[in-house]
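Me: Please take a close look at one helix in this structure and at what surrounds it. I would like a connected account that also places the helix among the other elements.

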Amino acid sequence: MHLILKASGADAGVISHLLAKNPLNIYDRVDKGVRVRMVYTKATETETEVLIHAEPDPVDLVRGTPDGYDITQYINDREFVTSSLFCSYIRGALGTALNGKPKEDYVQWVGHAFELELTFGPVASDLPDRVVEELFSPLGYAVSMERGELSYSFDLKNKSTVRHITLRGRNTVQHALRQLFLLIPVLDNYKHYFISEDEIDKIKRYGEGWLDAHPLKELIVKRTLRFAELIRQYERQEGALYASFGLESGMAQVLDTVIQKNNVGHREDREQDQRESESVSDGGHSEPPVRLNELRYRAITDVVSALPVKRSIVDMGAGEGKLSARLAHISGVESILAVEPSGQSRLRAMERFAKLEGRSEVVAIPEPIIGSLFYFDEQMQNQDVMILCEVIEHIEEYRLNRIMDTIMNEYQPEVLLVTTPNKEYNEVYAMEQESFRHHDHRFEWTRAELASRCEEWTQRGSYGYEIKGIGEHVEGYGQPTQLVIFERRKESQS
């Protein structure tokens, strides 16, 4: 992770004084396991170029956190990409420039606009190239992006979310750095720290003089604050965040999608995406938005509650156990197997299940076990209910027939519940064509495609099926989630 700041033209040599770093010395500091270096590669009166580099300890990034229990957490991009972590690492080195308080002889240069070139990366961003450009071009920059020299024989390079970004234009050093400190986390859409009211003050401080007039202010503020209550608090102080700059409809749709997009994990809140939030109302009085993931859990627990027999349940891909914990309150349930391959998620599930012990309304404590749909496990046989909530779309399509054959002919649950996204509804979210709701999805099906696959899976006659929708219905697009209820036919049980 690095940032290169280059200034050219008359008086470019003043830059070193604004940064408060001597070009003849190498700035090299280690703080809390992170090494930060600043090196001048050019330092003349007409050209200054300085490289700012941060190198964190990958072990320290996960040590002391729940992620540290799982070795797979060491396999991540946080030690490489330019993100909020990078900004926090270099903030101390750039404090003088960010605050605009150099030595008295150079205070007059704080407001001076230089010819600047800023190069930083790699940046891992879910934003399309054109939105990245729209973030920086209103600030007076010419924007260019590169994805590196990769000799792929297929079109992966152009689809990569990882980019190196270069900005060229006139700006003050203070404004340029403050803009980057606010916009780099917006690009990466990841915060390594707890987001609190302090973040509102940060927006005001770093956004002073440019943010209010920015066409994508709404996007910037919402991806910075993330949480609805903080956004409302900001609006109470600064005014409503309504787009009022006449964006083209196509760009407005893209922004509507990326503003609402969150990071999501596998199965545990895997689809808890802001664009999938649904509002429910009662008697005309609006209530707080209900996440689609919450609506899925309600739909599943309602179906299970209504079943005449539900003594034994298997929750496949149980993640951190949120759904399993709800099933534990349903009368008639005697055992719940919360099956999950991730050790980290199972540990969190164990913590959640431990809190259920001793509660009078809990009828069965879920049992977290390691397991996967990719291999046979006799514990899964002959259960009353098996649940695959937002699981199948994370599996390659060519593997699904084999997996469903195993479930229906080997495990043979009396009832199988499957939820999966409705691809048609992606248009309601203004998503780009052929894009998925989550980067780990291998496919997403239309309602007709799902019905066709269900027909194929049940053609041997062991199961019948019914498909229902979950979430708000939109004419022509259906509902955001599809729920399939497979039930064993009576004749196949004899």
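Reply: The account below starts with helix H13, moves to the sheet beside it, and ends with the other parts of the chain. The model is predicted, and every value given here is computed from it.

Helix H13 comprises the 15 residues 397-411. At 1.5 Å a residue, a helix with that number of residues should span 21 Å, and the end C-alpha atoms of H13 are 20 Å apart, which agrees. Gln 412 follows H13, and its phi is positive, near 50°.

Which residues of H13 are buried? They are Leu 400, Ile 403, Met 404, Ile 407, Met 408 and Tyr 411. These residues cover an arc of only 120° around the axis, so they lie on the same side of H13. The face turned away from that buried side carries Tyr 398 and Arg 402, both of which are exposed. For this description, buried means a relative accessible area under 20%, and exposed means one over 50%.

The cover over the buried residues of H13 includes strand E15 (385-389), strand E16 (415-421), strand E17 (463-470) and strand E18 (481-488). Helix H14 (447-457) is also among the elements that cover them.

The four strands just named belong to an open sheet of seven strands, in the order E14-E13-E12-E15-E16-E18-E17. The pairing in this sheet is mixed. Its edge strands are E14 (367-369) and E17, each of which pairs on one side only. From one strand to the next, the twist averages 20°. Strands of a sheet pair through backbone hydrogen bonds, either parallel or antiparallel. Within this sheet, strand E12 (residues 312-316) and strand E13 (residues 335-339) are paired in the parallel sense, over five bridges. One of the bridge partnerships sets Met 316 against Val 339 of E13.

A further helix, H10 (residues 292-306), lies across E12, E15, E16, E17 and E18. H10 runs at about 170° to E15.

As for nonpolar cores, the largest has 67 residues, and the members that touch the most others are Leu 19, Phe 120, Leu 135 and Phe 136. Helix H5 (residues 173-188) gives the most to this core, with 10 residues. A second, separate core has 35 residues, including Ile 313, Leu 327, Ile 330 and Ile 470. In the largest core, Leu 19 is in contact with Met 38, Tyr 40, Val 50, Ala 93, Leu 94, Ala 97, Val 173 and Leu 177, leaving aside neighbours within four places in sequence.

Elsewhere in the chain, strand E7 (residues 162-171) pairs with two strands described here. Strand E5 (residues 114-124) runs antiparallel to E7 and is joined to it by nine bridges, with Asn 171 of E7 as the bridge partner of Phe 114. Strand E6 (residues 142-146) also pairs with E7 in the antiparallel sense, over five bridges. Ser 144 lies in E6, and its bridge partner in E7 is Thr 166. Ser 144 is partly exposed, with a relative accessible area of 27%. Beyond residues up to four places away in sequence, Ser 144 touches His 164, Ile 165, Thr 166 and Arg 168. Ser 144 and Thr 119 are 25 residues apart in sequence and 9.4 Å apart in space, C-alpha to C-alpha.

Key. Residues are numbered from 1 along each chain as its sequence is written. This is a predicted model: local features need pLDDT of at least 70, side-chain atom pairs count only at pLDDT 80 or more; totals for chains, interfaces and linings use all residues. Side-chain values use heavy atoms; hydrogens and water are left out. A nonpolar core is a set of buried Ala, Val, Leu, Ile, Met, Phe, Trp, Tyr and Cys residues joined through side-chain atoms within 4.5 Å. Buried means under 20% relative accessible area, exposed over 50%, partly exposed in between (1.4 Å probe, protein chains only). Contact means heavy atoms within 4.5 Å. The expected span of a helix is 1.5 Å times one less than its number of residues. The arc is that of the directions from the helix axis to the C-beta atoms. Two strands pair if DSSP finds at least two bridges between them. Axes are lines fitted to C-alpha atoms, for helices over the stretch in contact, and angles run from 0 to 180 degrees between N-to-C directions.
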